[in-house]
Amino acid sequence: MFDYAIQQLRRADLIREADAERRVPRTRRLRRATRPSGGEEKEGRVSRPDSSHFTRAA
């Protein structure tokens, strides 16, 4: 009987964890959707004009 009670508690804990993990992407989507665009591009900048990621060609 004791083992059954522990198993039920563990099951309830796993269900709570799974529910919390499902909420994270949903919350991110909602935050992204409610963000004001402010006339900016949706994807952002691809590169910075002052960055030197590559060496100059000879």
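So, Asp19: in this predicted model the residue is partly exposed, with a relative accessible area of 27%. What does the side chain of Asp19 meet? A salt bridge joins Asp19 to Arg23, at 2.5 Å from N to O. Arg23 is also partly exposed, at 45% relative accessibility. Along the chain, the two sit 4 residues apart in helix H1, so about one helical turn separates Asp19 from Arg23.

Okay, next up is Asp13. Which residues pair with Asp13? One of them is Arg10, in a salt bridge at 3.4 Å, N to O. Another is Arg16, whose side chain meets Asp13 at 3.8 Å, again N to O. That one still counts, because the cut-off for a salt bridge is within 4 Å.

Where do these partners lie? Arg10 and Asp13 are both in helix H1, which covers residues 2-34, and the pair is 3 residues apart, about one turn of the helix. Arg16 and Asp13 are also 3 residues apart in H1, so there you have about one helical turn between them.

How about accessibility? Asp13 is partly exposed, with a relative accessible area of 27%. Arg10 is partly exposed too, at 45%. Arg16 counts as exposed, because its relative accessibility is 53% and the exposed class begins over 50%.

Now back to Asp19 and Arg23 for a second, about one helical turn apart in H1. Next to that pair, here's the other thing to look at: Arg10, Asp13 and Arg16 form one network, through salt bridges that share partners. Overall, the count comes to 4 salt bridges.

Let's move to the arginines further along. Which residues gather in a patch of positive charge on the surface? They are Arg26, Arg28, Arg29, Arg31, Arg32 and Arg35. Arg35 is found in the segment after H1. Is Arg35 buried or exposed? Exposed, at 58% relative accessibility.

Finally, the whole chain. How many helices and strands are there? The secondary structure is 1 helix and 0 strands. What share of the chain counts as buried? Of its 58 residues, 0% do, and buried here means under 20% relative accessible area. The accessible surface comes to about 6500 Å², with 53% of that belonging to carbon and sulfur atoms.

So if you scroll along H1, look at Arg10 with Asp13, then Arg16 with Asp13, then Asp19 with Arg23. After that comes the positive patch, with Arg35 among its members.

How values were computed:
Residues are numbered from 1 along each chain as its sequence is written. This is a predicted model: local features need pLDDT of at least 70, side-chain atom pairs count only at pLDDT 80 or more; totals for chains, interfaces and linings use all residues. Side-chain values use heavy atoms; hydrogens and water are left out. Buried means under 20% relative accessible area, exposed over 50%, partly exposed in between (1.4 Å probe, protein chains only). Accessible areas come from the Shrake-Rupley method with a 1.4 Å probe; for residues, only the protein chains shown count as cover. Patches are made of residues with over 30% relative accessible area and no salt bridge: like charges are joined within 9 Å, nonpolar side chains (Val, Leu, Ile, Met, Phe, Trp, Tyr) within 5 Å. Lys and Arg count as positive and Asp and Glu as negative; His and the chain ends are not counted. The place of a charge is taken as NZ of Lys, CZ of Arg, CG of Asp or CD of Glu.
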